[in-house]
Each structure stands twice: as structure tokens, then as C-alpha cells.
Amino acid sequence: MSPTPLARILVVDDDAAQMRAVRDTLRDHGYETVGFTAGDEALAALRETGFDLLLTDLMMPGMDGVALLTAALRMDPQLVGILMTGKGTIETAVDAMKAGALDFVLKPIKLRSLLPAVARAVGTRQLRLENFELRNTVAIHELNQAIAHTLDVQVLLDKIADAALAQFEADEASIMLPSEDGGSFLIAAARGEGREALIGARVPIGDGIAGWVAARREPLVLEG
């Protein structure tokens, strides 16, 4: 039986030889690795499956490392990023941190700098996931308490909207209930700037994103 990998790492570098060298080195040290030479390929892989760490070159044609990391963090806010760069300047470090990177390593890549950086990143990833799970547990507990002790339906709907907003770190949330005749949605609760004015409004069931979800009875995730 193969040992459980320490973490799943996505390696991206437009230099194919460099990418394979980093990928194989990390694999030899117990990590599961997948490598690509272009940012769009890496994002496609991230959409298909989860990774713990994104290790990407900073300077690449097309999508550079900063743009790649920014897009990746929109998909998975708990993902940890490390940038690889040949420019070890303060400006490089600032750019990396602004993009959401935990660290950066200098090229040519040396094991004595790469492995500790990866180990720190994996530890950070584990803490982020633990905090995320704890926050979810607390939110669900508070919502359960509200359901158990609240008789007012509107208060309960408001609490559900608040919990959803916090759970997904969203800017907006709304709860839409089907009308008695089934031909429209009634906006029963809403959160977000200016959205409370929508409470009580009716929306035809066939319109917009809510209509799509209602017709197909399956969740929908929109990116961008």
C-alpha cells in the first residue's frame, strides 16, 4: 500500500524541464505532485480536483504567476501559494504577498530553500482548513439553536441568510420562496448593499439564475 502523500501540490512553470525537476523532487520527498507549463492548464486542473499548494513561476508568458495565484485563490480561498522567481528583491516579495502568496523561493531552486518553504505552506494549509471547519461547525450550531428556539419564520429566514453569507464569505445573499401558485419566487430575505429593498419582490420562476436552479433542481457555481 502506498503511503499517504504529505500534500497535493500543483507545480506550474513555463520551462518544462524546470517544472519536471521540481515536480519529481517534491514527489521523491513524499508529496503528490501535478505539473503544467501554462496557467490556464493549471486552473483547469484546479477546477477538476483539489490541491493544497500552488507552486508557480512568477514570470511566464500569457498568465503570469500573480494572475494565476489570484485566480486560483478565487476558486479555493484556503489554497496556499508560493511563487518561484529569479528576482530576489523587496519589490518581488511585496508583489508576492499582495497576490496572496505565503512565500517565494529563488531560482535556481535549491532544496534547502524549497523544502522548508513547502513544509511551512502545508502547515498553513492545514490550519486554514481546521479554522474553516471550526467556523462551519459554529455557524451550523448557531443555526440549529435558532431553529430550535425561534417560532417567528421571518427571524429564522434572516438567520439562515446571515449564516449563508458568513459561511461562503459572500457579499450578497437572498432566500427566494416559491409562491402559492408556483409561478414566481418571493424574495423573503436578502443581505448585501441595497438588497433589503428587494424583500417582498416577486421574480418569475423562469428568469435568471434562481430560475435555472429551480428548473433543474441542482446547485450552480458561477466563477468570475
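Buried means under 20% relative accessible area, exposed means over 50%, and partly exposed lies in between. The exercises below concern a predicted model.

**Exercise 1.** Determine whether aspartate 24 is buried, partly exposed or exposed, and describe its salt bridge with arginine 27.

*Solution.*
1. The relative accessibility of aspartate 24 is 31%. Because this value falls between the limits of 20% and 50%, the residue counts as partly exposed.
2. Arginine 27 has a relative accessibility of 41%, and it is therefore partly exposed as well.
3. The side chains of these two residues meet in a salt bridge, with 3.8 Å from N to O.
4. Helix H1 (residues 16-28) holds both aspartate 24 and arginine 27; they are 3 residues apart, about one turn of the helix.

**Exercise 2.** State which parts of the chain are linked by the salt bridge of arginine 125 with aspartate 76, and whether the two residues are buried or exposed.

*Solution.*
1. In this salt bridge the closest N and O atoms of arginine 125 and aspartate 76 are 3.1 Å apart.
2. Arginine 125 belongs to helix H5 (residues 111-149), whereas aspartate 76 is in the loop between helix H3 (65-75) and strand E4 (80-85). The pair is 49 residues apart and links distant parts of the chain.
3. Both arginine 125 and aspartate 76 are buried.

**Exercise 3.** Explain what the salt bridge between arginine 8 and glutamate 32 ties together.

*Solution.*
1. The closest N and O atoms of arginine 8 and glutamate 32 lie 3.1 Å apart.
2. Because arginine 8 is in strand E1 (residues 8-12) and glutamate 32 is in strand E2 (residues 32-36), the pair ties together parts that are 24 residues apart in sequence.
3. Glutamate 32 is partly exposed, its relative accessible area being 32%.
4. E1 and E2 run parallel and are joined by 5 bridges. Leucine 10 stands opposite valine 34 in E2.

**Exercise 4.** Give the strand order of the open sheet, identify its edge strands, and describe how H1 packs on the sheet.

*Solution.*
1. The sheet has 5 strands in the order E2-E1-E3-E4-E5, and their pairing is parallel.
2. E2 and strand E5 (103-106) are the edge strands, as each pairs on one side only.
3. From one strand to the next, the twist averages 20°.
4. H1 touches E1, E2, strand E3 (53-57) and E4, and its direction makes about 175° with that of E2.

**Exercise 5.** State how many salt bridges a search of the whole structure finds, and name the residues of a network.

*Solution.*
1. The search finds 11 salt bridges.
2. Asp13, Asp57 and Lys107 are linked in a network of salt bridges.

Key:
Residues are numbered from 1 along each chain as its sequence is written. This is a predicted model: local features need pLDDT of at least 70, side-chain atom pairs count only at pLDDT 80 or more; totals for chains, interfaces and linings use all residues. Side-chain values use heavy atoms; hydrogens and water are left out. A salt bridge is a side-chain nitrogen of Lys or Arg within 4 Å of a carboxyl oxygen of Asp or Glu. Helices (H or I, at least four residues) and strands (E, at least two) are DSSP runs, numbered from the N terminus. Buried means under 20% relative accessible area, exposed over 50%, partly exposed in between (1.4 Å probe, protein chains only). Two strands pair if DSSP finds at least two bridges between them. Axes are lines fitted to C-alpha atoms, for helices over the stretch in contact, and angles run from 0 to 180 degrees between N-to-C directions. Contact means heavy atoms within 4.5 Å.
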